[in-house]
Structures are given as C-alpha cells and as structure tokens.
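Subject: Structure handover

Hi,

Here is the structure I promised to pass on. Please open it next to this email and follow along.

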Amino acid sequence: MSTVRGPAWLFVPGDRPERFAKAASAADQIICDLEDAVALTAKPAARDHVAGWLAAGGSAWVRVNPAGSPWHADDLRALVGCAGLRGVVVPKAESAADLQRVCDLLPVPSAALVESAAGVGRVAEMLAVERVERLMLGTVDLALDLGCEQESDVVRQVRSRLALESRAAGKPAPVDGVTMALRDYDATFADAGRARREGYAGKLAVHPVQAGAIRAAFAPSPEEVSWAREVIAAAGQGAVAVGGVMVDAPVVERARRFLAGSAIDEKRGTGD
C-alpha cells in the first residue's frame, strides 16, 4: 500500500540546498535532483548537499543519476543510512536488474522514470520488482528517443500503457511528466487535468507555480462530490439514473473510490 499522498511532485536542484525546505512547503512530495538539474561539475557537491540535508532531518525523494553513468554508484552510496530518504527516482529506467540493485542497497520505495522505447518495452518486468512502487513518465526524453512531438499519438499510447501496466501489476497509478512552460499555471492545470482523466495519480513539476496548478487540477470539484454522493445514495435501488446517466454496480464503485481517493469526509462534506 502506497503511503504517498498528494499529486504534486516538485523537483529541486540538488546543488541548491537553500531551496530544499522552501520546496518541501510548496508541494506534496519533493524530489532532490542529482541528475538533469545539476551541471556535471556540480554533481559531487550536489550529492553532498542532499545527503547532508537528509541526514540532518530533511525529508525527500531523490532522483539519482541513471545506472551506467559515472555518478550512479556514488549517488547510491551517499544515500545509505539517510533517515530522511523517502524514496529513489531512477531515471532512464530500462532494466529490472538495475532497479533491483538500487532496491537492495536502499530499502525504500523506488520509482522507475520511463523515458525511452526500451523502458516502455520493459515496464511489466520493472513493476515486478517488489520495491518499485510506481512508474513515472518522462515525456521530454521519450519524445526525443522516439523522434516525435510530446503530444504525438505515440506518446499518448505510452501514457495509456503505463496506466494499464501499473493497474495490472497492482501498483499505484503512475505520475505524469513535466509541463515545459515553467510558470504557466493554465498550461500545467490543463495538462494535470488530462493526466487525472487518464488515470494518473499525480504529475511532476519544476516550479512551485506548477505544483499549485497540479494540486488544483487533482482536487475534487463540488460538482464531482455531489455526483458521487447521489450515485451512492441511489445504490441498491435497481436500474436508476442520476443526472440522466445510468447507475449500475461499476458506476457505484467508481463513486466510492472517488470519494475515498479524494479524502472526502462524507459526514462533513469537505476534504481533509
């Protein structure tokens, strides 16, 4: 059972320790980044900053450098014993064996960041690794690998596949990739709304404005809460319609899951 709550996952560069605490207050989960956000010459210092902050009481996920890179093994060694390590994001994930080695060394949840055609082809194998808690989708790198646009049909097919494979493996729903417009609230809100409709549990962000938009897009609207309650109230009454839509057992179960997943307090009618 996942212990992760909230849809907004905010990256913070590992070489900017002054931002760690601020980022933690702006998002549901923060990911201290040792990979793409850090210049090659700054990677050793970034590793030390992140490990030191986690050892001193900070709490975060960490995106390490990919398996096979010159920095991967040192990243993992630096995180051993860090009490504040909530989980490890493994980028360019393409191998169950590589993920298993990460999980063996660091007994915390891992997330496989799928960013290539090879990774897409092996998602079922990677999800079979016990401590791989979920998948994340890296749309920018994936589109580069495929030679297509981020909004192409092939990327949409990959997005659907990750959601289906996660469900089939009994793992939490995946997390969608970053919206490239850094401070564009509306663009992020629209992308996050799509991710929610497609069965995703959250979305990656690179700016606090994006984190706020993601939270808003995933929050239940009053209309959705009202619909779910009407459906549940109509359960057991035979073939009925709510708002002109037929209500049967799957619709009722969807309403129950919606209220449970949105942390709705049915007695008070509010979220927690």
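One cut-off first: buried means under 20% relative accessible area, exposed means over 50%, and partly exposed lies in between. Keep in mind that this is a predicted model.

**Salt bridges**

The structure holds 18 salt bridges. Start with Glu-115, which pairs with Lys-92. The closest N and O atoms of Glu-115 and Lys-92 are 3.6 Å apart. This pair links distant parts of the chain, 23 residues apart. Glu-115 sits in the loop between strand 5 (110-114) and helix 5 (117-121). Lys-92 sits in the loop between strand 4 and helix 4 (96-105). Is Glu-115 buried or exposed? Its relative accessibility is 5%, so Glu-115 counts as buried. Lys-92 is at 29%, so it counts as partly exposed.

Lys-92 has a salt bridge with Asp-141 as well. Here the closest N and O atoms are 3.9 Å apart. Again the pair links distant parts of the chain, with their positions 49 residues apart in the numbering. Asp-141 belongs to helix 7 (residues 139-146). At 23% relative accessibility, Asp-141 is partly exposed.

These contacts belong to a network. Salt bridges link Asp-33, Glu-35, Arg-63, Lys-92, Glu-115 and Asp-141.

Now a local pair. Asp-74 and Arg-77 meet through their side chains in a salt bridge of 2.4 Å, N to O. Both lie in helix 3, three residues apart, which is about one turn of the helix. Asp-74 is partly exposed, at 31% relative accessible area. Arg-77 is exposed, at 53%.

**Helix 2**

Helix 2 covers residues 43-55, 13 residues in total. From first C-alpha to last it reaches 18 Å, close to the 18 Å expected at 1.5 Å a residue. Which residues of helix 2 are buried? They are Lys-43, Ala-46, Arg-47, Val-50, Ala-51 and Leu-54. Seen down the helix axis, the buried residues fall within an arc of 125°, so they line one face of helix 2. The face turned away from that side carries the exposed residues Asp-48 and Ala-55.

What do the buried residues of helix 2 pack against? The partners are helix 1 (20-26), strand 2 (29-33), strand 3 (60-63), helix 3 (72-79) and strand 4 (85-90). Just after helix 2, Gly-57 takes a positive phi of about 120°.

**Cores**

The largest nonpolar core has 53 residues. Within it, Val-62 and Leu-85 touch the most other members. Leaving aside neighbours within four places in sequence, Val-62 is in contact with ten-odd places worth checking on screen, including Ile-31, Cys-32, Leu-34, Val-50, Leu-54 and Leu-85. There is a second, separate core of eleven residues. It includes Trp-61, Val-89, Met-136 and Leu-204.

**Cysteines**

How many disulfides does the whole structure hold? A search finds zero. Cys-32 is buried, with a relative accessible area of 0%. Cys-148 is partly exposed, at 22%.

**Helix 12**

Last, look at Glu-253 in helix 12 (residues 249-261). At 37% relative accessibility, Glu-253 counts as partly exposed. Glu-253 and Ile-232 are 21 residues apart in sequence. In space they are 8.4 Å apart, C-alpha to C-alpha.

Best wishes

Methods. Residues numbered from 1 in each chain as written. Predicted model: local features only at pLDDT ≥ 70, side-chain atom pairs only at ≥ 80, totals over all residues. Heavy atoms only, no water. Core = buried A, V, L, I, M, F, W, Y, C linked by side-chain atoms within 4.5 Å. Buried < 20%, exposed > 50% of the residue type's maximum accessible area, 1.4 Å probe, protein only. Contact = heavy atoms within 4.5 Å. Disulfide = S-S within 2.5 Å. Helix = DSSP H or I, 4+ residues; strand = E, 2+ residues; numbered from the N terminus. Expected span 1.5 Å × (residues − 1). Arc of directions from axis to C-beta. Salt bridge = Lys/Arg side-chain N within 4 Å of Asp/Glu carboxyl O.
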